[in-house]
Amino acid sequence: VYTPDCLLHYRNRQNSLSKVHTLKSNVDYWQVYRERFDYLSPISEEYYRLSLTQAMGAIGRMWRWIGACSKEERRQAQVWLDEMQQFNNMHFKEIMKDPAYPWYTKFVCLCAKSKSSILFRVLYTGNQIYRRHRSDNEEYYS
């Protein structure tokens, strides 16, 4: 069905799931996209690629967050990191070989092969620089 009308509006809230970065919010984010992948991937190749890309985005979100958390938080997250790494390993070759996947998905795929705390820190710092640059140039991106 197609309609030219705008039927959806977003409300940006500072404490929404997409803005709050805690272990719980990152795990919830991962679970939503993992369940979406499990549900949508059998339907069609298009849904498979889209839901896999989104699941990898959830992994990237967790990997960036880990770079700023304490050792205790990292220990608590270990079961989820292992699950994400296993998911990544199952899809690694197909993502890396297929030019249809965006560069960011491939980058996350490479990063998720490692459990290096140095890599986590680099990802976190790089994301902070990117976000600062983006907010400084908000008019450009709008």
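**Aromatic cluster.** I began with the rings in this predicted model, and I noted that Trp 30, Phe 37, Tyr 48 and Phe 87 form one aromatic cluster. Counting aromatic pairs, I arrived at six. I then looked at how Trp 30 and Phe 87 meet: their ring centres are 5.3 Å apart and their planes stand at 80°, so I entered the pair as edge-to-face, given that planes over 60 degrees apart count as such. Trp 30 belongs to helix 1 (residues 23–40) and Phe 87 to helix 3 (residues 71–97), so this pair ties together parts that are 57 residues apart in sequence. I also checked whether the two are buried or exposed, and I wrote down that both Trp 30 and Phe 87 are buried.

**Charges over rings.** Next I looked up where a charged side chain sits over a ring. I found the charged end of Arg 61 over the ring of Tyr 29, at 4.0 Å from its centre, and the charged end of Lys 113 over the ring of Phe 92, at 4.6 Å from its centre.

**Second largest pocket.** I turned last to the second largest pocket, for which I recorded a volume of about 320 Å³. It is lined by 13 residues, of which Arg 64, Tyr 104, Phe 107, Leu 123 and Asn 127 are the closest to its centre. Which helices supply at least two residues each of this lining? I listed helix 2 (45–66), helix 4 (103–111) and helix 5 (117–136). Sorting the lining by residue type, I noted nine nonpolar residues, three polar and one charged.

Terms used: Residues are numbered from 1 along each chain as its sequence is written. This is a predicted model: local features need pLDDT of at least 70, side-chain atom pairs count only at pLDDT 80 or more; totals for chains, interfaces and linings use all residues. Side-chain values use heavy atoms; hydrogens and water are left out. Rings of Phe, Tyr and Trp (its six-membered ring) pair if their centres lie within 6.5 Å; planes under 30 degrees apart count as stacked, over 60 as edge-to-face and the rest as tilted. Helices (H or I, at least four residues) and strands (E, at least two) are DSSP runs, numbered from the N terminus. Buried means under 20% relative accessible area, exposed over 50%, partly exposed in between (1.4 Å probe, protein chains only). A charge sits over a ring if NZ of Lys or CZ of Arg is within 6 Å of the ring centre and within 35 degrees of the ring normal. On a 1 Å grid over the protein atoms alone, a cavity is a set of points where a 1.4 Å probe fits but cannot get out, and a pocket is an open set with protein on both sides within 12 Å along at least five of seven lines; lining residues have an atom within 4 Å of a point. Grid points are joined across faces, edges and corners, and a volume is the space filled by probe spheres set on the points. Ala, Val, Leu, Ile, Met, Phe, Trp, Tyr, Cys and Pro count as nonpolar, Asp, Glu, Lys and Arg as charged, and the others, Gly among them, as polar.
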